[in-house]
Amino acid sequence: MEMDEATQPKDPPKISRLDDSVVNRIAAGEVIQRPVSAVKELVENSLDAHSTSISIVVKDGGLKLIQVSDDGHGIRYDDLPILCERHTTSKLSTFEDLQTVKSMGFRGEALASMTYVGHVTVTTITKGQLHGYRVSYRDGVMEHEPKACDAVKGTQIMVENLFYNMIARRKTLQNSADDYSKIVDLLSRFAIHHIHVGFSCRKHGAGRADVHTVAASSRLDAIRSVYGVSVARSLIKIEAADHNPSSSVFKMDGFISNSNYVAKKIIMVLYINDRLVECTALKRAVEIVYAATLPKASKPFIYMSIVLPPEHVDVNVHPTKREVSLLNQEVIIEKIQSVVESKLRNSNESRTFREQIVEQSPLGSISMDKDPNFSPSPSGSKSQKVPVHKMVRTDSLDPAGRLHAYLQVKPCGPLENNPSLTAVRSSVRQRRNPKEGADLTSIQELIDEIDCNCHSGLLEVVRHCTYVGMADDIFAVLQHDTHLYLANVVNLSKELMYQQVLRRFAHFNAMQLSDPAPIFELIMMALKEDNSDPGCHENDGLIEKIAEMNTELLKQKAGLLEDYFCVHIDIRGNLSRLPVILEQYTPDMDRVPEFVLCLGNDVDWEDEKNCFQSISAALGNFYAMHPPMLPNPSGDGMQFYKKRKPLRNPEDEENTPENIGDDTTGENEIEQELLSEAETVWAQREWSIQHVLFPSMRLFFKPPTSMATNGTFVRVASLEKLYKIFERC
């Protein structure tokens, strides 16, 4: 009987070797799962290159374009041919190196994988090269020889048309908004750990960055700038460690949220040996503690950095390095869970409630949504009645300080010679604002950073506020709509001067010093003022040597300072000219020594962008409207101007009525000449703040986002809230 064809046994399928291109595309799809995977690999490469600034530009969620630029050490020309081949790396050479690897990349697969699923272009320059090189890659190899090109320090990698040859993958990733939000979340997590690196992430063509951080002084400051004030002030510092080799060896530090933090989902940022990873077991353990201890705050914010011996961590367990395997993982998790539980139980004993009236304004708290009733009615239309608690009774265009109408201020002689207010404001408005000043790429980048980092809410306040008066030596009182603010004049003027230096780069008018000042003597004065023990002369030789070195350095850089910043230092080392940053304003010349020392010590003369940024910052600090050196005579500072009685010999002192009368008279004597000088400089400063600083701010100033959280602007009163208080009374 013949067997049916369907039931006949078939030969086993033949095993064949896949083509290399198929193998590489399969591997690439595993390593680069979606655009955020590519961004993670590229940013980690930039961090391994010791970058201090990393910028990311994304188009269509990363499918059309991912561009990552850094200022790291770059890629050697000789390495470009094999840069994108699989398993080529500078991180290790033997398998044993995996036991001690500290870099984030080590397999040499990421760039190769990107070339198999996208079009990759690399532009790089290394230290000492006169120009950079640009080369394109496809399927792991160069499409052409490296071409010489202009380049800034570091490396720029562009990945275009990601997954162009993987139709199914590309269709599943059409929701570009979702992928872009994942990229922003990734950069936020990098930014709060690598606090000495500046990060920027924006959509292609967007004017503002969605993530923009600069090097922070502390972890908490970094969290505050990325996740906001409300998160930062709800965090508790946490630490744990174990040094017992028989159980576990690790050290952990971080921040966890307290009972004041309420959110819809958990945010856990975990770093193990500086590697951003996920640990489901640890995350679950912490969630259990929060659910049991703080049921109403069971979705916490957690940042943890765990450091272990490299040989206790296996980093090669996941294609995208998203997970790692730890030695004694259960013991480590148990110890961390115990510490978290202890911290939460102690913090749960009290809860903080903050008064909103004096609350420091967070980034989003200064709302610019005006009441529609406040807008003036069109001509001829029926005017709408404005509620009394929303009525604004001042005009921001009237420059007069409201507080001065109620104060009797005696006129100051030197101020009478100043031009009228109208002339000053006209001069300020007519100041040229040359666009050609920013023809250098580095200057344009610094100006773009200012524009991208501008806080729209504070910009509205600055443009339409009314100056009320000075609350003390530092803070001015401003009114905007129905709100009253305290504004730090020193911070505002420092930032304004810095921005104006960059915008007027190489286009300054000059002010001539009546007597040229030797910069050597100025630096000596500044160094001696910084000396904690002026009576000690042991360091005089060292101070003099430092002054000589700085003097020679500034004489060598005199051409740059003169051409770009109008700071003239002649061949004999004398400072004779300074720039005019704002008309009708002259800086406090008592601060010239500090400024010159700053030019010598704090400027990075090797890097163009850093050089121009630090010189501009030094000028901004010098021209800022600091309180004068002489104490303010209008307050407790009057004690400074009372004459000191000469020291007496107790043996010669006679308790006669005449002597007693003389002492009483001496106590009331005032140094009139010194007092008159102090009154003049303080009155001049307040005049400059009212008639120069704030009018200039309305025209030119772009307030950075940090000013909404660092105390520069503090909202102290709101008319609507005051009416509510009065109604209860």
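**Salt bridges, strands and a charged patch**

In this predicted model, the side chains of Lys 609 and Glu 445 meet in a salt bridge, with a nitrogen-to-oxygen distance of 3.5 Å. The pair links distant parts of the chain, since Lys 609 belongs to helix H19 (residues 608–623) and Glu 445 to helix H12 (residues 441–452), 164 residues apart. Both partners are partly exposed, Lys 609 at 23% relative accessibility and Glu 445 with a relative accessible area of 29%. The contact belongs to a network of salt bridges in which Glu 445, Glu 449 and Lys 609 are linked.

Side chains of opposite charge can pair when their charged atoms come close. The structure holds 16 salt bridges, and another of them joins the side chains of Arg 34 and Asp 179 at 3.0 Å from N to O. Arg 34 lies in the loop between helix H1 (20–31) and helix H2 (35–48), whereas Asp 179 lies in helix H5 (residues 176–193), so this pair ties together parts that are 145 residues apart in sequence. Arg 34 counts as partly exposed at 25% relative accessibility, while Asp 179, at 1%, counts as buried because its value falls under the 20% cut-off. A further salt bridge is formed by the side chains of Lys 64 and Asp 60, at 3.3 Å from N to O; here Lys 64 is partly exposed with a relative accessible area of 37%, and Asp 60 is likewise partly exposed, with 38%.

From the charged pairs the path leads to the strands, beginning with S17, S18 and S19. Strand S17 (residues 466–470) pairs with S18 in the antiparallel sense over four bridges, Met 470 standing opposite Ala 476 in S18, and the two strands form a hairpin with four residues between them. S18 also pairs with strand S19 (residues 483–488), again in the antiparallel sense but over six bridges, with Val 477 standing opposite Leu 486 in S19. These two strands form a hairpin with two residues between them, and in the turn Asp 481 has a positive phi of about 55 degrees. Five of the six residues of S18 (residues 475–480) are buried, so this strand is largely enclosed by the rest of the structure.

Further along the chain, three strands form an open sheet in the order S20-S22-S21, with antiparallel pairing. Strand S20 (509–518) and strand S21 (568–569) stand at the edges, each with a single partner strand, and therefore one side of each is left without a neighbour in the sheet. S20 and strand S22 (residues 574–580) run antiparallel and are joined by six bridges, in which Ala 517 has Leu 575 of S22 as its bridge partner.

The surface also carries a patch of negative charge, where Glu 529, Asp 530, Asp 590, Glu 671, Glu 673 and Glu 677 gather. Helix H15 (519–530) and helix H21 (672–700) each supply at least two residues of this patch. Glu 673 lies in helix H21 and, at 71% relative accessibility, counts as exposed because its value is over 50%. Ala 683 also lies in helix H21, but this residue is partly exposed, with a relative accessible area of 24%. Although Ala 683 and Asn 632 are 51 residues apart in sequence, their C-alpha atoms are 9.9 Å apart in space.

Key:
Residues are numbered from 1 along each chain as its sequence is written. This is a predicted model: local features need pLDDT of at least 70, side-chain atom pairs count only at pLDDT 80 or more; totals for chains, interfaces and linings use all residues. Side-chain values use heavy atoms; hydrogens and water are left out. Patches are made of residues with over 30% relative accessible area and no salt bridge: like charges are joined within 9 Å, nonpolar side chains (Val, Leu, Ile, Met, Phe, Trp, Tyr) within 5 Å. Accessible areas come from the Shrake-Rupley method with a 1.4 Å probe; for residues, only the protein chains shown count as cover. A salt bridge is a side-chain nitrogen of Lys or Arg within 4 Å of a carboxyl oxygen of Asp or Glu. Lys and Arg count as positive and Asp and Glu as negative; His and the chain ends are not counted. The place of a charge is taken as NZ of Lys, CZ of Arg, CG of Asp or CD of Glu. Buried means under 20% relative accessible area, exposed over 50%, partly exposed in between (1.4 Å probe, protein chains only). Two strands pair if DSSP finds at least two bridges between them.
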